[in-house]
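Subject: Structure for your review

Dear colleague,

Please find below the structure that I would like to hand over to you. My findings follow it, and I would be grateful if you read them with the model open.

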Amino acid sequence: MVKTYMTANRLRLVGKAWEIRAVLRTIAGNSNATLTQFLSANNAPAEDRTA
């Protein structure tokens, strides 16, 4: 199980390597945006959140 922590300019994934790769592939496959654009599009709050 991957834990995801997002802030306005940071993405932290905690889990096994294969799980993290799968999440990153999903994010990259759904969007051609950069990480900064992805985070701002998801309206991440200033403090960490778990998704």
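This is a predicted model, and its average pLDDT over the chain is 80, with 82% of the residues scoring at least 70. Confidence is highest in strand β2, at a mean of 92, and lowest in helix α2, at 79.

Overall layout

The chain contains two helices and two strands. Followed along the sequence, these elements appear in the pattern β-β-α-α. The chain has 51 residues, of which 22% count as buried. About 3,900 Å² of the chain is exposed, and carbon and sulfur atoms supply 53% of that area. Among contacts with a separation of 6 or more, 52% join residues that lie 24 or more positions apart.

The hairpin

Strand β1 covers residues 3-6, and strand β2 covers residues 11-14. The two form a hairpin, with four residues between them. They run antiparallel and are joined by four bridges. To find the pairing in the model, please look at T4, whose bridge partner in β2 is L13, and at Y5, which stands opposite R12.

Each strand also has two faces to compare. In β1, T4 and M6 form the covered face, whereas K3 and Y5 form the uncovered one. The side chains of β2 alternate as well: L11 and L13 point to one face and are buried, while R12 and V14 point to the other face and are not buried.

The nonpolar core

Which residues make up the largest nonpolar core? It has seven residues, namely V2, M6, L11, L13, I20, F38 and L39. Strand β2 and helix α2, which spans residues 35-41, each supply at least two residues of this core.

L11 is a useful residue to select on screen. Leaving aside residues up to four places away in sequence, L11 touches T4, Y5, M6, I27, L35 and L39. Three of these contacts, T4, Y5 and M6, belong to residues of β1.

L39 deserves a similar look. This residue is located in helix α2. Is L39 buried or exposed? L39 has a relative accessible area of 2%, and because buried means under 20%, L39 counts as buried. L39 and M6 are 33 residues apart along the chain, yet their C-alpha atoms are separated by 7.4 Å. Both L39 and M6 are members of the seven-residue core described above.

I suggest beginning with the hairpin and then turning to the core, as the residues L11 and L13 of β2 appear again among the core residues.

Yours faithfully,
A colleague

Terms used: Residues numbered from 1 in each chain as written. Heavy atoms only, no water. Buried < 20%, exposed > 50% of the residue type's maximum accessible area, 1.4 Å probe, protein only. Pairing = 2+ DSSP bridges. Core = buried A, V, L, I, M, F, W, Y, C linked by side-chain atoms within 4.5 Å. Contact = heavy atoms within 4.5 Å. Areas by Shrake-Rupley, 256 points an atom, 1.4 Å probe, with all protein chains shown as cover. pLDDT = per-residue confidence, 0-100.
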